[in-house]
Protein chains: 2
Amino acid sequence: MSNLSISEENYLKAIFHLYKHGEGIGTNAIARHLDTKPASVTEMLKKLADKKLLTYEKYQGVVPTRKGFTLALGVIRKHRLWEYFLVEKLKLKWDEVHEIAEQLEHIQSDLLVEQLDAYLGFPKLDPHGDPIPDKDGKMCAMNCCCVSEIKPNSNARIFGVKNHTSAFLKHLEKLNLTIGKTFTLVNRNDFDQSVELVLNKQTMHISKEVAENILVEKLK
Amino acid sequence: MSNLSISEENYLKAIFHLYKHGEGIGTNAIARHLDTKPASVTEMLKKLADKKLLTYEKYQGVVPTRKGFTLALGVIRKHRLWEYFLVEKLKLKWDEVHEIAEQLEHIQSDLLVEQLDAYLGFPKLDPHGDPIPDKDGKMCAMNCCCVSEIKPNSNARIFGVKNHTSAFLKHLEKLNLTIGKTFTLVNRNDFDQSVELVLNKQTMHISKEVAENILVEKLK
DNA sequence: ATATTTTTTTAGGTGCGACTAAATTATATT
DNA sequence: AATATAATTTAGTCGCACCTAAAAAAATAT
């Protein structure tokens, strides 16, 4: 029975995300992700290594083990199920749920999670377009990319977001750039990487920062 | 903004319950309630007194302040709403929800609580018959007593329970003594305070311990 | 290849919430 | 009222998860 503290779960989650985004899992990166200091990370890595949740050698970085992976996925599963619940059942807005789910993801009860999943109808995607791992950690493959990666003159449908902060999501809401919307990217400006797109026959400008954080699936 | 730790919330809750049941709020009693040691309680009482959640003077015991009272009620509200949710929506059994609600009650988000309450239809009672405080801390008055307090030859309807442990609730389930059931108490045995009652035309015996933990409303 | 910068680790400390053992105060008994 | 018992508090520790400052190793630049 591996019962982890909230901190330990958060470390595993952070390491998982860095690993998946191929960002290189350094002490510094983890610290930035968790809003903590590198020295604290080093200590925790030793503890997690003792528990066989990752392999760690001084100065050599970190590799999660299968067990660590599985536990991280379990936390992510809970986070995304709760987000789905909060939006679909409790009618919270997509920019209101992240902080709450950060708390709910640490509730320990397998029974609870499985019943919640069933109650929600085994959803595949959370309100931000992220795939929800099933009971066995499997999740649907994602075939999407950032707006900053698609070519001018292509059509795309908004699939999800990379940034989950309330500020960003509210901004998207204001621009009417929500999940499911389709648009045509008409131009990318070389000097600042901002893009022009047409949505509902209206032309709009979005900054590089915004473009990098919107995930789309290409159409046709 | 008074943001309490989980420990602090648990102390307030324990003190509230002792206070309400008129059990005398001693360091010892609180420790027993929280499965901790009296010395630890003393320290925490000082901290809670500093935060004006109770008044405390050495060796003189404790009195919760209005603020402490309100915060305790808030935690209890959340506990009971979550229990209701777990049973009514997720279909957990009444003996499976207490532990989980002990965790969920510490989730911090006013918005979440109010939406949950609305989603559940503003329930007045939780699955164990305990009243759920509303937004303002008001809850319906309870007019019930223990089976150990009613007289032979009276009819009663089961209203709730005092003991929330899984063991006790499973026991009741087995005896078919669940909320809403009505019975006639036919006799109380002097030597062990056990009682005989008739439910669905069947006579059954229940121990003093069980009788003390079943709440009933008297009929006719 | 050496020097500089960045990253990572160690050493030593802090606050929280628990603990044990010992001292103190309150309560009950005779 | 004196004494025994029970409740409470103090004093001193501990583990966890964080911190800062300084040392060590790795990466980068010259």
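So, which residues are closest to DNA strand D? They're S5(A), S40(A), K47(A), Y56(B) and K58(B), out of 21 residues that surround the strand. Keep in mind that this is a predicted model.

Let's stay with strand D for a moment. Of its atoms that come within 4 Å of the protein, 79% are sugar and phosphate. K58(B) fits in here: an N or O atom in its side chain is 2.7 Å from a phosphate oxygen of strand D. T42(B) also has a side-chain N or O atom by a phosphate oxygen of this strand, at 3.1 Å. E43(A) goes for a base instead, with a side-chain N or O atom 2.8 Å from a base nitrogen of strand D.

Where does that surface come from? On chain A, α1 (6-20) and α3 each give at least two residues, and on chain B, α2 (27-34) and α3 do. Sorted by class, the residues near strand D are seven nonpolar, nine polar and five charged.

Okay, over to strand C. Here, too, 21 residues surround the DNA, and the closest are K46(A), Y56(A), K58(A), S40(B) and K47(B). Sugar or phosphate makes up 81% of the strand C atoms within 4 Å of the protein, and the rest belong to bases.

Three of those residues have phosphate contacts I'd like you to look at. The side chain of S40(B) puts an N or O atom 2.5 Å from a phosphate oxygen of strand C. For K58(A), the distance from a side-chain N or O atom to a phosphate oxygen is 2.7 Å. K46(A) has a polar side-chain atom 2.7 Å from a phosphate oxygen of the strand as well.

For strand C, the elements that each supply at least two residues are α2 (27-34) and α3 (38-50) of chain A, plus α1 (6-20) and α3 (38-50) of chain B. The class count near strand C is seven nonpolar, nine polar and five charged.

Now, away from the DNA and into the protein. The largest nonpolar core has 33 residues, and the ones touching the most other members are F85, L86 and L104 of chain A and F85, L86 and L104 of chain B. Two or more residues come from each of α4 (66-88), α5 (98-104) and α6 (110-120), in chain A and in chain B. α4(A) gives the largest share, six residues.

Take F85(B) as an example. Leaving out residues up to four places away in sequence, F85(B) touches F85(A), L116(A) and Y119(A) on the other chain, and L90(B), L116(B), Y119(B) and L120(B) on its own.

Definitions and conventions: Residues numbered from 1 in each chain as written. Chains lettered and ligands numbered in written order. Predicted model: local features only at pLDDT ≥ 70, side-chain atom pairs only at ≥ 80, totals over all residues. Heavy atoms only, no water. Near = heavy atom within 4 Å. Polar contact = N/O pair within 3.5 Å; in protein donor to acceptor, adjacent residues only side chain to side chain. Helix = DSSP H or I, 4+ residues; strand = E, 2+ residues; numbered from the N terminus. Nonpolar A, V, L, I, M, F, W, Y, C, P; charged D, E, K, R; others polar. Core = buried A, V, L, I, M, F, W, Y, C linked by side-chain atoms within 4.5 Å. Buried < 20%, exposed > 50% of the residue type's maximum accessible area, 1.4 Å probe, protein only. Contact = heavy atoms within 4.5 Å.
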